[in-house]
Amino acid sequence: MAENAHELAPHHLPFFIPAADGSDQMMTSVLIGLIVIVVLLGTFYLYLHSLPERLAHKHGRIQFELVAVLGLLALFTHNQIFWVAALVLAFVQMPDFMTPLESIANSMSKLAKRSGNGSCEPAQENPEPFETTVASEAAPSQPVTDPGPAMATQAAADAPVVQTEKQEDK
């Protein structure tokens, strides 16, 4: 090459000047470096976005699903307030409400079984101090006959009403 070069040209050319065949070493090395840097930055970005989710999962937080959804929202919408909220939720320990409620439910179940009720349904209470009953129901010594649906409603409407004191189960 030195034989064909002009006498005023430098004898040594730097590596970033393209050769006569069109190959450019500088462009090739910059392109490879750029691809590597873009891949590394993308990996770091995704690693940073998964930080709240990994923290919540590592500590076994109750709100893990909420943190994961906020992280995805921040990733796809680019609203970083979602990411900050996910990070705060990942660090905050939520109080455990289920353990005391389960203990109360178990205690109430034991109390219901001990009282002989057998069911966990609340007792129906009448707010009135006296119950109103039909006279035919109050006197069990009379025989009860089935007069039919029309006669039963008329007989119940014509029967005298007797008030009795409510008996409380103890």
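This is a short tour of a predicted protein model, moving from the whole chain to one helix and the residues around it.

Begin with the whole protein shown as a cartoon, where the secondary structure comes to 7 helices and 2 strands, and where the order of elements along the sequence reads α-α-α-α-α-β-α-α-β. If you then switch on the surface, you are looking at an accessible area of about 14600 Å², of which 65% belongs to carbon and sulfur atoms. Of the 170 residues in the protein, buried ones make up 12%. Among contacts with a separation of 6 or more, 59% are between residues 24 or more positions apart.

Next, select Leu55, Ala56, Val67, Leu70, Ala86 and Ala90, and show their side chains, for these 6 residues make up the largest nonpolar core. Three helices, H2 (51-59), H3 (64-77) and H4 (80-91), each supply at least two residues of this core. In soluble globular proteins, nonpolar side chains tend to be buried together.

Stay with the core and centre the view on Ala86, which touches Pro52, Val67, Leu70 and Gly71 when residues up to four places away in sequence are not counted.

Now widen the selection to the whole of H4, which has 12 residues and reaches 17 Å from its first C-alpha to its last, close to the 16 Å expected at 1.5 Å a residue. Which residues of H4 are buried? They are Trp83, Ala86 and Ala90, and because they cover an arc of only 60 degrees around the axis, they are on the same side of H4. Displaying the neighbouring helices as well will show what this side meets, since the buried residues of H4 pack against helix H1 (25-49), H2 and H3. Turn the view to the face of H4 that points away from its buried side, and you will find the exposed residues Ile81 and Phe91.

Finally, step back along the chain to the loop between H3 and H4, and select His78, which lies in this loop. Is His78 buried or exposed? His78 is exposed, with a relative accessible area of 54%, a value that earns the label because exposed means over 50%. The backbone here also deserves a look, as the phi of His78 is near 60 degrees, a positive value in a residue other than glycine.

Notes: Residues numbered from 1 in each chain as written. Predicted model: local features only at pLDDT ≥ 70, side-chain atom pairs only at ≥ 80, totals over all residues. Heavy atoms only, no water. Core = buried A, V, L, I, M, F, W, Y, C linked by side-chain atoms within 4.5 Å. Buried < 20%, exposed > 50% of the residue type's maximum accessible area, 1.4 Å probe, protein only. Helix = DSSP H or I, 4+ residues; strand = E, 2+ residues; numbered from the N terminus. Contact = heavy atoms within 4.5 Å. Expected span 1.5 Å × (residues − 1). Arc of directions from axis to C-beta. Areas by Shrake-Rupley, 256 points an atom, 1.4 Å probe, with all protein chains shown as cover.
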